[in-house]
Amino acid sequence: MTPNPSDLELRTLAAASVSDVLAKLKTGSDGLSGQEVKARLETYGPNIAGGRDSSPLLLELWNKFKNPLNILLFGLAGLSWLLSDLRSAAVIATMVVLSIGLGFIQEHRSSKAAAKLANMVRVEVMVKRQGAAGADAEGFAAIPLDGLVPGDIVKLSAGDMVPADVRLCSANDLYVNQSTLTGESMPVEKNDAIAKVTDENPLALPNICFMGSSISSGYGTAVVVHTGDATSFGTLARQIMAADTETSFDRGIRSFSWLMLRFILVMVPLVFLINGLTKHDWLEALFFAVAVAVGLAPEMLPMIVTVNLAQGAMAMAKKHAIVKRLDAIQNFGAMDVLCTDKTGTLTQDRVVLKLHLDVAGHNDDNVLKYAYLNSHFQSGLRNLLDVAIQNHAELEEHLSVDGGYSKIDEIPFDFNRRRLSVVVGTPEGKTLLICKGAVEEVLAVCADCRTADGSRPLDAAHRTSIADVTARLNGDGFRVIALGTREIAEPKSSYHAGDEAGLTLQGFVAFLDPPKETAAAALAALAASGVSIKILTGDNDLVTLKTCRDVGLTVTGVATGHEIEAMDDEALRKAIERTNVFAKVSPAQKARIIAALQASDHVVGFLGDGINDGPALKRADVGISVDTAADIAKESADIILLEKNLAILNEGVLEGRRVFGNIVKYIKMGASSSFGNMFSVLGASMFLPFLPMAPLQVLANNLLYDFSQTTIPTDTVDEEYLQQPRKWEIGNIMRFMLFIGPMSSIFDYATYFTMLYVFDAWSNPSLFQTGWFVESILSQTLIIHVIRTKKRPFIDSWASPPLIISTIIICAIAVALPYSPLAGTLGLQPLPLLYWPIVASFLVGYAVLTTIVKTWFIRKWGM
């Protein structure tokens, strides 16, 4: 097989020196000029992988058309045209165009609006370019990801998404997570050395990083080789996009569509045969069967789904939540467990350094000095703790950081060690390693501790005393970080994690992140909405429990990462049902907890913003992040919050249930109406000497009914319906169809009896057909108001004004048609005066009976 040209180029550059690579890409260590960037952007296009730019209008239209229901209806319209029934062909085509057109217009508008909103959530990359404005001390400035071109020099650090396929120019303990491309969750080490190239997978090249991967730890610089669709990720994205990912919601809609199609395939031939055999006019029977097929097809379903989802997305945008994937709205409504981190969700995300203590718990300025030096010289992703330390800017001048101290090397943070060390030269000419990290992890590499009496071995007594100090701080809600140091007797140019040994514990810095004032109310609102909260945090259990008490979250159980590691999958599934606080968990453990919840039939949302939240965000049914999150978190999320607020989440949950509720309304009404019509049509076809309704009348009836349904997306949803998670239940819909559908047939047969025996329509087919035509439209249109709510219609629950108005308009048209100029075209005639009170009584009886059966159904099986 011929090798991919892109892979060949990557192998060639991997085997070349950095200077040769820069020369081949016609760039330099100081980056590209503005003019060259512009030229390359025109040549290579924006750095967008997988064709995420907007689709052509014709392609959007085609995507709306290629629905099995639409294809069936267009086929029926073509058949009617071939049979010279041009009026029926026109009516069928009108219905399909109405469905496709309304859906296309709404989705196109929402897509453009979503694109504008997406610009508010920008992923940026640090690039070195000649004469760039706003550049830092090293010459790097932030630009939008899509503005990157081959030859750009980029800076990579922990938490960054790799912005393109790049060749490393420098690297310091750089570990990259390539799971998006390889499926392997463990990070791999990368370096800038010349590689020995083989025919192995390009992803294994040690000095090449690929778009779609992320920096787990360390830092480095690189030159861009490929951008956009030319990247390995771009190739993968195109393959994925060629086959759309199907969600449970998509599967539910598809299964309902095929249910109705199978229903049509059985019903229509039966209607054709019965009418052909009893009326002996096979052509007319064929016309009628085609019309019945159209009447049974839920042709407005694609439009109803699209409009509901689009309106939900726009409603959430007004509440400061950007929906990246429309289907996520429905999953939001189905969510019954929300997993979230602690910092910034239950707390204010405003960390303040309160204490700097020695090992005995006494105030110590030396500890603050070491913490400041570590944060100042570290080059990875600065978290809120570093920011809080850096706020002590008065130390910079006091310590003569820029003049007296100098950075020699760095051992970057990673989530396994949970430590970060810098090696600095001191004003006295010594070399000092300063390590900062989680208490347990720093203690693990310490041999001594500094006390008031000097340095002492870190024996059991000191460890017990230290544990008491940190436990007391944790219990008061402080986040505690330990500081250890070691003077390097034999300095060298490069240091690694193995050098973090034999340290002297200097003490601790303690931080407070105050709880949010709104957290308690938001948690109560989510609980009232049937969503349970589970805290997944890397922080320790004592701090987390204090925060839970502050915000009124009742703790039902606590499990630590160490305990989870010892559990098999079955034990974990049992533990997660009784536990709602998971402390000191790793990124992989967060994803495993979510998977266990999903295995127990929960729909899980995850709210996270850190570089360690990427796996959990991808694993969750609904990944939620914030616009200030790390790049990997924003890319992994389905929904982006413009502010990190649990109250917004509850509003999103309710909006998702509203959207789902309105979609299910249409499905239930369409399914039950079709099932009832089956009994009515079959019965009438067997005993009547003529067609129960002319083909054109069936089509006109269905067209009017479809118009009345277009306002369902505007309808309100009962508050009771919003209180519990809503999942797709095709079984419940089928039961609803079986019990509610026949109710309409009872009153259809009552109308048949009235027309035949009260108005003697045996010899007047037009009168019979007019009577059923009007009753059918009125009953189908009015029954919407019964089925749309579990309450009593027009007494306890009212529909939205647009739905009420559309109902009135369609009913008025139905009443007026027999007396209008269109009556002759449709084969209608004026109805006797006595018809109207009789049909009015039928409608009242239908509404009452359906309400009774509906109430019984809801009590037995739910809404």
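Q: What is the volume of the largest cavity in this predicted model?
A: On a 1 Å grid over the protein atoms alone, a cavity is a set of points where a 1.4 Å probe fits but cannot get out. Grid points are joined across faces, edges and corners, and a volume is the space filled by probe spheres set on the points. For the largest cavity this volume is about 290 Å³.

Q: Which residues lie nearest the centre of the largest cavity?
A: Residues are numbered from 1 along each chain as its sequence is written, and because the model is predicted, local features need pLDDT of at least 70 and side-chain atom pairs count only at pLDDT 80 or more, while totals for chains, interfaces and linings use all residues. Side-chain values use heavy atoms, with hydrogens and water left out. Lining residues have an atom within 4 Å of a point, and of the 23 that line the largest cavity, those nearest its centre are G295, L296, N677, N702 and Q780.

Q: Which element gives the most to the lining of the largest cavity?
A: Helices (H or I, at least four residues) are DSSP runs, numbered from the N terminus. Two or more lining residues come from each of α10 (282-296), α25 (646-687), α26 (695-709) and α28 (765-787). With six residues, the element that gives the most is α25.

Q: Which element gives the most to the lining of the second largest cavity?
A: The second largest cavity holds about 130 Å³ of space, and 16 residues line it, including S673 and Y846 among the closest to its centre. Two or more of its lining residues come from each of α25, α27 (730-758) and α28. The element that gives the most, with six residues, is α28.

Key: 1 Å grid on protein atoms, 1.4 Å probe; cavity = no way out; pocket = protein on both sides within 12 Å on 5 of 7 lines; lining within 4 Å.
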